[in-house]
Structures are given as C-alpha cells and as structure tokens.
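Work through the exercises below with the coordinates open. Try each task before reading its solution.

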2 protein chains.
Amino acid sequence: MFKLDPRIEKDSTFIKDLPLCQVRLQNDSRYPWLVLLPRENGLTEVYELSSDQQAQLMVESSLVSKALAKSTECKKINVANLGNVVSQLHWHVVARFENDLTWPAPIWGVGTSVPWQDQKRAEFIDSFLTNLAELFN
Amino acid sequence: MFKLDPRIEKDSTFIKDLPLCQVRLQNDSRYPWLVLLPRENGLTEVYELSSDQQAQLMVESSLVSKALAKSTECKKINVANLGNVVSQLHWHVVARFENDLTWPAPIWGVGTSVPWQDQKRAEFIDSFLTNLAELFN
C-alpha cells in the first residue's frame, strides 16, 4: 500500500489519482502549487523510477502543468524535484506570476504558508479538474 | 540553427550534445550544477516539447543525474525547470550536499557565482563524462 510521508500529508490536500501519481494541492494559498507523488514507496530520486514510470511522470507533469496554466493564466510554470527536506519522491508543479511573493526567485522555503480559504480552494480545485479533464478528451 | 540565450552562454560552459539536449556546466563552483537545453528555439515550458521530446528529456535528465550522482557522491539530486529569469527552456540538474551553502533550500538566486578553477573544472567534466559514457554501455 502506498504510504504518504506525514509532513506531505499534513501540508497538502488530496485532489486526484492519475495512473502513476497522486495529485495534491499544497496548503499554501500564496501560490497555486500542486505536488505529484508517484505511488511507489521508498523512492527518493526520479531516476529510481522504472523507465516507463519516468515517461509517465513526464506525461502527468505536463498534463497537470497545462491544466494549471489554463486555470491560473500564469506567467510561467515551475516544475521540480528537490526533496532535500522530505525525501519521499515528490514533484512540484507551481504556477508563477510576476507579482507573486518571491518572483523571480524559487518559492521553496520562503516565509510561512497561508492556508486556503475553503471556498477559494474548492473553486481552484474545480477549475483545475475541469481543465485537466478536457486534456484527456 | 539552435540559438543559445546569451546569458546562458555567458554563465555556463559547453560539455556535450546528447540526442535532444545540449549539456552545459554552470560557471559556479559552489555547486556541481549542470544545465540541459533542448535544441529547439522559442520554447519556454517543458510541455511545449513534443511528447517524444518530453520523454527524451526525461531519459537524458536521468542519465545526467545518475552520472552526476556517481561523480559527486551527493546526498540528493535536484532537477527543475524554472525559467523565471531566462525564458529559454532549460533544465537544471544539481548535486546537493548537507554541508553545501544553501542546504536544504534551493540554490537559485543565492549570492554570487564562484568561477571554477581550470583544473578542477577539467577534472569534474572528465569524471562526469566517464560516468555518463558507462551508462550508455
């Protein structure tokens, strides 16, 4: 059974399972920030996935990126596997704006998370899932 | 013909062309830091590559990551496409250590680059290319 690191579980909210990855929303309304978690235990580096899984991660990262870009009309998508703090393999997909808090610097490790308001989170997830579904059609 | 952004050209050194990407060494000895540039002009986002190119980027990213990890015996590989400053599509592959300058925070936009000494750069590139070649055998 796939086990989620407790810090990732606490800091993010389940959105959807794709064929390889669980898609979660970071509990930080400062950025539209999604996290993809390949449902394999005990991995840290992208290259520890099988070749097929690596290709699938790229497919899912791009679908999520496109849907996120459409929902947010952002300036740039940032994708990354860092994992210096939480080692469980996870893949960030973040929408960036020229007027966001840390632009053009990266977002990680800056300040304190600001939780989403319930309604805004629900609206964001609804928009994202609608745009994601359209990419599968 | 593939055109390199002049800032990327100034800030990094050519190492090798892989089937999709040019591999360059960032001119910053604080981190073992490689940059992969898909040889396509006018792209900014990973998802603007064709599906085959996206899969190939993942293949090349993992090969470069494995060779870099072997050369450096690092704690973690960080991979990312940010592109908030230089928009030309480029992919970072960075070896991280628990005692490096900014661990566990990301490396981008911190302080000032420290150029490589010629001999150390040559030794690093030699080691990296040897480990990369072994992965192709």
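The exercises go from the interface to the sheet, then to the core and the loops.

This is a predicted model; local features need pLDDT of at least 70, side-chain atom pairs count only at pLDDT 80 or more, and totals for chains, interfaces and linings use all residues. Residues are numbered from 1 along each chain as its sequence is written, and chains are lettered from A, with ligands numbered from 1, in the order in which they are written.

**Exercise 1. The interface**

Task: Find how many residues of chain A are in contact with chain B, and sort that side of chain A by class.

Solution.
- Step 1: Apply the contact criterion, C-beta atoms placed from the backbone and lying within 7 Å. 26 residues of chain A then touch 26 residues of chain B.
- Step 2: Locate them. Helix H2 (51-72) and strand S4 (76-81) of chain A each supply at least two residues of this side. Helices (H or I, at least four residues) and strands (E, at least two) are DSSP runs, numbered from the N terminus.
- Step 3: Sort them. The side has 14 nonpolar, 8 polar and 4 charged residues. Here Ala, Val, Leu, Ile, Met, Phe, Trp, Tyr, Cys and Pro count as nonpolar, Asp, Glu, Lys and Arg as charged, and the others, Gly among them, as polar.

**Exercise 2. The symmetry**

Task: Determine which turn and shift lay chain A on chain B.

Solution.
- Step 1: Superpose by least squares on the C-alpha atoms of residues with pLDDT of at least 70 in both copies.
- Step 2: Read the operation. A turn of 180° with a shift of 0.0 Å along the axis gives an RMSD of 0.0 Å. The two copies are therefore related as by a two-fold rotation axis.
- Step 3: Find the C-alpha of chain A nearest the axis. It belongs to Ala80(A), 2.0 Å from the axis.
- Step 4: Compare the contact residues. 100% of those of chain A recur in chain B, so the same surface serves both copies.

**Exercise 3. The sheet across the interface**

Task: Trace the order of the strands in the open sheet and name its edge strands.

Solution.
- Step 1: Start at the chain boundary. S4(A) and S4(B) (residues 76-81) pair in the antiparallel sense over 3 bridges. Pairing requires at least two DSSP bridges between two strands. Ala80(A) stands opposite Ala80(B), and Asn81(A) has Val79(B) as its bridge partner.
- Step 2: Move one strand inward in chain A. S4(A) and S5(A) pair antiparallel over 5 bridges. Val79(A) stands opposite Val93(A) there.
- Step 3: Write the order of the 10 strands: S1(A)-S2(A)-S3(A)-S5(A)-S4(A)-S4(B)-S5(B)-S3(B)-S2(B)-S1(B), with antiparallel pairing.
- Step 4: Identify the edges. They are strand S1 (12-17) of chain A and strand S1 (12-17) of chain B, each pairing on one side only.

**Exercise 4. Burial and the core**

Task: Decide whether the two faces of S4(A) are covered or open, and find which core residues touch the most other members.

Solution.
- Step 1: Count C-beta atoms, placed from the backbone, within 10 Å of each residue's own: 20 or more others means buried, 12 or fewer exposed, anything in between partly exposed.
- Step 2: Check each face. Lys76(A), Asn78(A) and Ala80(A) on one side are buried, as are Ile77(A), Val79(A) and Asn81(A) on the other. With 6 of its 6 residues buried, S4(A) is largely enclosed by the rest of the structure.
- Step 3: Build the core from buried Ala, Val, Leu, Ile, Met, Phe, Trp, Tyr and Cys residues joined through C-beta atoms within 7 Å. The largest has 61 residues; Leu34(A), Leu36(A), Val93(A), Leu34(B), Leu36(B) and Val93(B) touch the most other members.
- Step 4: Inspect Leu34(B). Leaving aside neighbours within four places in sequence, its contacts are Val23(B), Arg24(B), Leu25(B), Val64(B), Leu68(B) and Val93(B). Leu25(B) is also its bridge partner.

**Exercise 5. Backbone checks in the loops**

Task: Find which peptide bonds to Pro104(A) and Pro104(B) are cis, and where phi of Glu73(A) lies.

Solution.
- Step 1: Check omega. The bond from Trp103(A) to Pro104(A) is cis, with omega near 0°. The bond joining Trp103(B) and Pro104(B) is cis too, with omega about -5°.
- Step 2: Place the proline. Pro104(A) is in the loop between S5 and helix H3 (118-136) of chain A.
- Step 3: Check phi. Glu73(A) has phi near 50°, a positive value in a residue other than glycine. Glu73(A) sits in the loop between H2 and S4 of chain A. With 8 other C-beta atoms within 10 Å, Glu73(A) is exposed.

Notes
Two residues are in contact if their C-beta atoms, placed from the backbone, lie within 7 Å.
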